[in-house]
Amino acid sequence: MKKLMVLAGILSMLSAVPSQASAAGVEDEIGLQMYTLRNVGTPAEQFAMAHKAGFEHVELVGTQGLAAKELKSLLDKNHLTVTSSHVQLTALESDYTQTVAFNKAVGNHTIVVPWIKPEDRPDSTKAWIDYAQRLDKLGAKLRKDGMQLAYHNHNFEMKKYDGVTALEIIFNHSRAENLKLEMDAAWVSRGGQDPARLLQEYPGRIYAIHAKDNASIGIRDDEMNFAPLGEGLLDWKTILPAAKASGVKWFIIEHDKPKDAWSIITTSHQNLRAALEKLPH
């Protein structure tokens, strides 16, 4: 009888291992965009908050206003690794060598172009093709230096030119190995496009998703109508499986204008982790 009880206990322990491994694996798919915490005290306090909220990976905003050695020290102190960093295209082009060196020093190998100022945005099919080729050329250069280039969308790339969205023009006129997409699902939806469709139609191109939600007008108006993931309008039950099938590696929590950053990141983290754990791995 004792032997049977011991055997039953061992089997019970073994059966629990896969779910625990799955939970641990899910955490290695989740990151936090540090822009969300930009108004939370000092850089030291911001990274400490990320760690306290249970994050193991973060996406940087440029240099975070720090020297590489200082930043690496804060990351190590809070047991954080870097998924990627947002760097403006003009800054990357003009300070290429220093930017690559800085990012390698803090353990980052993916640079994301995050935004195009209104006055600099392409306004025709040809202009978007030229922009895509500019990114492609830079991405090829970065690859030779052991780095990956990606692009982060807002809603203006959802505008169509000759029936094709600007984002898809970028896809169609750049090579997959040179340029990936960090898809902001909330902005895609605000631009009138379906995040799940893009994931299905461009497998392998979207390496990360900015995981945040849209709220209805009249709800969270003072937070740009963004909501924690799972508490808004987006259909994550469709988006997340499509993302996994498409090859998305990272789900990065972000909020453009949080009133209560701690509440936003912890709620989003909890909801995202629970949703990802339900998906087959």
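Reader: Let's start with Asp 162. Is it buried or exposed?

Author: Keep in mind that this is a predicted model. Residues over 50% relative accessible area are called exposed. Asp 162 has 72% relative accessibility, so it counts as exposed.

Reader: Where does Asp 162 lie?

Author: You'll find Asp 162 in the loop between strand S6 (160-161) and strand S7 (164-165).

Reader: And what is there to see in the phi of Asp 162?

Author: General idea first: most residues other than glycine have a negative phi. Now the case here: the phi of Asp 162 is near 55°, a positive value in a residue other than glycine. Gln 64 is another case, with a positive phi near 60°. Gln 64 sits in the loop between S2 and H3.

Reader: Is Gln 64 buried or exposed?

Author: Buried means under 20% relative accessible area. Gln 64 has 13% relative accessibility, so it counts as buried. While we're on phi, look just past helix H2: Gly 54 follows it, and its phi is positive, near 95°.

Reader: Let's stay with H2, then. Which residues of helix H2 are buried?

Author: Start with the general idea: an α-helix has 3.6 residues a turn, so residues three or four places apart point the same way. In H2 (residues 43-52), the buried ones are Gln 46, Phe 47, Met 49 and Ala 50. They cover an arc of only 155° around the axis, so they end up on the same side of H2.

Reader: What covers the buried residues of H2?

Author: The cover includes two strands, S1 (30-33) and S2 (57-61), along with two helices, H3 (68-77) and H11 (261-277).

Reader: Now the nonpolar cores. Which residues touch the most other members in the largest one?

Author: To read a core, look for buried nonpolar residues joined through their side chains. The largest core here has 78 residues, and Trp 128, Tyr 151 and Ile 209 touch the most other members. Helix H6 (residues 125-144) gives the most to this core, with 7 residues.

Reader: What is Trp 128 in contact with, leaving aside its neighbours within four places in sequence?

Author: Its contacts include Ile 116, Pro 122, Tyr 151, Phe 156, Tyr 161 and Ile 169. Two residues with acidic side-chain names, Asp 123 and Glu 157, are in contact with Trp 128 as well. There's also a second, separate core of 6 residues, with Ala 150, Tyr 207, Trp 250 and Ile 252 among them.

Reader: On to charges. How many salt bridges does a search of the whole structure find?

Author: The search finds 13. To spot one, look for a side-chain nitrogen of Lys or Arg within 4 Å of a carboxyl oxygen of Asp or Glu. Try Asp 76 and Lys 72, whose closest N and O atoms are 2.8 Å apart.

Reader: How many residues apart are Asp 76 and Lys 72 in helix H3?

Author: They are 4 residues apart, so about one helical turn separates them. Both ends are partly exposed: Asp 76 has a relative accessible area of 43%, and Lys 72 has 29%. Helix H6 holds a pair spaced by 4 residues too, Asp 130 and Lys 126, separated by about one helical turn. Their closest N and O atoms are 2.9 Å apart. Here Asp 130 is partly exposed at 35%, whereas Lys 126 counts as exposed at 56%.

Reader: Which parts does the pair Arg 134 and Glu 93 tie together?

Author: First, the salt bridge: the side chains of Arg 134 and Glu 93 meet at 2.7 Å, N to O. Arg 134 lies in helix H6 and Glu 93 in helix H4 (residues 89-94), so the pair ties together parts 41 residues apart in sequence. Arg 134 is partly exposed at 36%, and Glu 93 is partly exposed at 35%.

Reader: Which residues are linked in a network of salt bridges?

Author: Asp 184, Lys 212, Glu 254 and Asp 256 form that network.

Reader: Last, the whole chain. How many helices and strands does it have?

Author: It has 11 helices and 12 strands. For overall form, compare the radius of gyration with that of a compact globule: for 281 residues the globule would be near 19 Å, and the chain has 20 Å, which agrees. Of the 281 residues, 50% count as buried.

Conventions:
Residues are numbered from 1 along each chain as its sequence is written. This is a predicted model: local features need pLDDT of at least 70, side-chain atom pairs count only at pLDDT 80 or more; totals for chains, interfaces and linings use all residues. Side-chain values use heavy atoms; hydrogens and water are left out. Buried means under 20% relative accessible area, exposed over 50%, partly exposed in between (1.4 Å probe, protein chains only). The arc is that of the directions from the helix axis to the C-beta atoms. Contact means heavy atoms within 4.5 Å. A nonpolar core is a set of buried Ala, Val, Leu, Ile, Met, Phe, Trp, Tyr and Cys residues joined through side-chain atoms within 4.5 Å. The radius of gyration is taken over C-alpha atoms; the globule rule is 2.2 Å times the number of residues to the power 0.38.
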